[in-house]
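Trainee: Hi! Could you walk me through this one?

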Amino acid sequence: MIIGYICKYTPVKLLESMSIECVRIEPSYIDNGIAEAHMHPNVCTYVKGVLTEVFKGGYDGIILVNCCDSVRRLYDVLKNAEKGKMIYMLDLPRKSGDQSVAMYASEIKKLVQTFTDFYGKKFNAQDFIRYISTEQENAGQFNMPKGNDGIRLAIMGARCNSSLIDLLKKAGADEVLNYTCTGNLLNFKPLPDFSAGEQDIIEWYAGSLIRSIPCMRMADIDRRRDMLKDIMANVNGIVYHTIKFCEFYSYEYSYIKDNCRFPILKIETDFTQGSEGQLITRIGAFVESLKGSNNKVERPSHGTRKTIVAGIDSGSLSTDVVILDEDCNILSYSIVPTGASIVDSANKAFSQSLKRAGITPQDVSFIVSTGYGRINIPFANKQVTEITCHGKGAYFLNSNIRTIIDIGGQDSKVIRLDEDGNVVDFVMNDRCSAGTGRFLEVMAKALEIPLEKMGEEAEKATEDINITSICTVFAESEVISLIAQNKKRADIIKGLHNSVASKTIGLLDRLGRKGAYMMTGGVAKNRGVVEAIEQRIGDKVHIPAEPQMVGALGAAILALQEIKAKHVK
Amino acid sequence: MDLVDTYARWIKKNVDDPEMVRKLIILGLKAEHAYFSLFRDKQVPRSFNYLNKIGVEFILNPLIYRDQSAWVNLFAPTEILHAMDIYPLCIEAFSSFLVGFHCEDVYVDYAQRSGISDTLCSYHKGFIGAALTGLLPKPKFMITSSMLCDANISTFRYLSWYHHIPMYSIDVPLEYSQQSISYLEKQLREMVKMLEEATGKKMDEDKLKDVIKRENKIHAHMNRYIDALRYKCHPTTLTLEMYMLFINHTFMGTQPTLNFYEMLTNELDSFPHSRAKRVFWVHIVPFYPNALKRYFNYSHRYEILGLDLNFDYLEEMDYENPYRTLARKMLLNNNNGPYQRKVDSIMSIVDRLQPDGIIHFCQWGCKQSVGGMMLLKKALDERGIPFLALDGDGADRRNHHEGQINTRLEAFLEMLDK
């Protein structure tokens, strides 16, 4: 028989010693139809995934733990919907004192009794002791760094699955240590001897479970602070994972961010693989920032013919190419809309810029690609995330820049540079398009005005209108009702600019404010938004002549650095 | 409205000057208190005017007497604090007042910028923001119970670390048993010891017994009130329903709460017979949406009979064993344990009140309530009781969509009118 479980506090070893196969449920997709028909869109996405998985079938019974509000309701819903199946919930105390251990031992005994009644499975203390001693011998030490060079990351926070660990490795981490509840954080005390009775051994096991490194749901979590110290001593950076509609871990993230001077990147997933592209970019940039980099662009001093390089930024809305010579002169650039094919758009932009520079592809010694489509550019020699590239490009244009605000077509980022132009921190918006170029594009359509005219139109505004919805979809209906109320278009546009600005400031304030500022990405061309941001931060925001080109420029500079590094070797 | 907006602008302008904002808020609350002491809102019964006055008083006290205050969640056993003359500041209540002052957005944003998840309940986010900015004076102690909501322990622990203030988390098991009662009772005793150390005040058990005796009287009045509501009409407002929520929890067992219920039951006979369409409300009620105010405030046509949260424990309590009886009260709260217990309790109040329909409010971030909503709907469908779910946020206007609420509510009321 196969029993599905979700929580590390489940007495899995005890059940296994009773010949019950236990499988941890790691859903890979969410059937929103099922989830919303039985629960509500706003419950935790992991729980929605478990609901989907259980409905799909394959489990003879489900054991849940009273982990959180969403899981408690999952229990109620499953109990109601899967009447023929054993759906069980363990009431795990939040404290770890002796009384809590005794309470949990009683809970485990009740569970054992249920298995005996339901399936005729018997528990035998000696079988369990034998089983767990072998298990402990085979387990070895977990989460011990292997000691190799390279970037070692710890993943902390909400549960992570193996695909997230693979993703961290794909993004450039050499080693990943899992400190979430799916890693092995159990802490067994010495086993009682073979003569121990049922009560003693169950209490021993309950104590081991309840006194392992606690998750954030528990009340006594001081041991997480000790764990944090260990982590910081052993890794280069922490990737902090949260799950959509699970809030437990945002508190700890906030604590670490404010109290520990240690590289940390917060990521949020819905436990499916839908957002892999954006995640790789962010984690890749984080790994790059941990590696550090040399910013000084020095000329390779060889030969008579100048070296030529290219940077290509394959973004969601446009593909941009910059051609540089070894003296960092921009020979040409081009911007073409990204069509249905990333490769076609890249080819088009590349050949356009080659033509403008009067050179052939063979003249270009090195090409760095960046942006969402960077991995799919066949002629690029290297891929670097757009965060590092924006940092390079902006610092090259103005070495006083410490904060880059990049609002692109589908996402917005704030990037912090140090005095040498290294990326030291950054934040990125969530997966939705709130406050991005796409947001303004949708609104421009609703207001029947070309996107590029919005800045100009907003200057005519006379009334302050507050657009309260942040979500693109809701804001659009808000705009439509404002039109229905006969509000002036210019006033609505100004309201929209303010809304984008306040969303951006929210992002900026997660890093803290530090000038000088530069704004990049298509939205930087909108004077209205820029002014609204300037007003809020009380500082000037530098706008480069071609704000969309900064990513590609940074990529080209990195290409130059590559050439130089090769010559040094 | 304009006055409140001007006030909100002042507050928002001074977020970086928390002392100033606190003064502004205290001034505003005092003005409101004076207004309700001098003038009467003639559209609601006298007792509800008194409720309004004590509701403001309860929030003012911990702001003024900061060195005798404790922060609590809605389900903390505040009887203990009343017995020790400590003023509780309930986080859900304070966040509601921020909404009343139209300034919740700046505090919610402040919490989110500090890294707190945007999907967290806005009542918690608003309070966290107010605590982090220094708007709220530091209390002597913090108490939270794990009941109902995940955010409780996390929020209080976060603020306790931030302010270096002692706190106690009460872990409430799901099931009632002798073991769970003892587990809880022991925690309450341990908490009182910590409270005594932190505040320098001594617990007088006789005073605690008195609080519980008053609580028994209040429960009796509440039962009479529910029975009268079956036929009677008493126009009220959404705000007053929320005040009831706070006095029935955080200020349970206090003399003013007893006074209110005595006044209310004395007035019951004079209430007219109801000809309204009557709605029973599940979960909290946002008091600012125009659509809701238009249909329910002072209305003889559509009435809200009450919130399920207001009737979550109405049993006689054993005042001779105060700690044990408080432990029992927490374990047997209608909202603790499996969702079926909540469904059953709603069904039993439906039997007593015979409402025409049920509205379930899906509060942003409240997974314990929204996660089981479909089970409640199923149970009500089986009994042929109309059900409406409204999504929104009682503590952050920006998560409220007037048009959407309006359409859903009007369609539901049209359905009831048929």
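Mentor: Sure, let's look at a sheet and then a patch on the surface.
Mentor: This is a predicted model, where local features need pLDDT of at least 70 and side-chain atom pairs pLDDT 80 or more, while totals for chains, interfaces and linings use all residues. Residues are numbered from 1 along each chain as written, chains are lettered from A and ligands numbered from 1 in written order, and side-chain values use heavy atoms, without hydrogens or water.

Trainee: Okay! In what order do the strands of the open sheet sit?
Mentor: Along chain A the order is β11-β10-β9-β12-β13, five strands with mixed pairing. Strands are DSSP runs of E, at least two residues, numbered from the N terminus, and two of them pair if DSSP finds at least two bridges between them.

Trainee: And which strands stand at the edges?
Mentor: β11 and β13 (382-383) of chain A do; each has a single partner strand, so one side of each has no neighbour in the sheet.

Trainee: How do β9 and β12 of chain A pair, parallel or antiparallel?
Mentor: Parallel, over six bridges, with β9 covering residues 308-314 and β12 residues 364-370. In β12(A), A:I367 is the bridge partner of A:A310.

Trainee: New topic: which residues make the nonpolar surface patch?
Mentor: A:I330, A:Y333 and A:I335 make that patch of about 240 Å². Its members have over 30% relative accessible area (Shrake-Rupley, 1.4 Å probe) and no salt bridge (Lys or Arg nitrogen within 4 Å of an Asp or Glu carboxyl oxygen), with nonpolar side chains joined within 5 Å.

Trainee: Where does A:I335 lie?
Mentor: Back in our edge strand: A:I335 is part of β11 (residues 330-337) of chain A.

Trainee: Why does A:I335 count as partly exposed?
Mentor: Because its relative accessibility is 32%, and partly exposed lies between buried (under 20%) and exposed (over 50%).

Notes: Patches are made of residues with over 30% relative accessible area and no salt bridge: like charges are joined within 9 Å, nonpolar side chains (Val, Leu, Ile, Met, Phe, Trp, Tyr) within 5 Å. A salt bridge is a side-chain nitrogen of Lys or Arg within 4 Å of a carboxyl oxygen of Asp or Glu. Helices (H or I, at least four residues) and strands (E, at least two) are DSSP runs, numbered from the N terminus. Buried means under 20% relative accessible area, exposed over 50%, partly exposed in between (1.4 Å probe, protein chains only).
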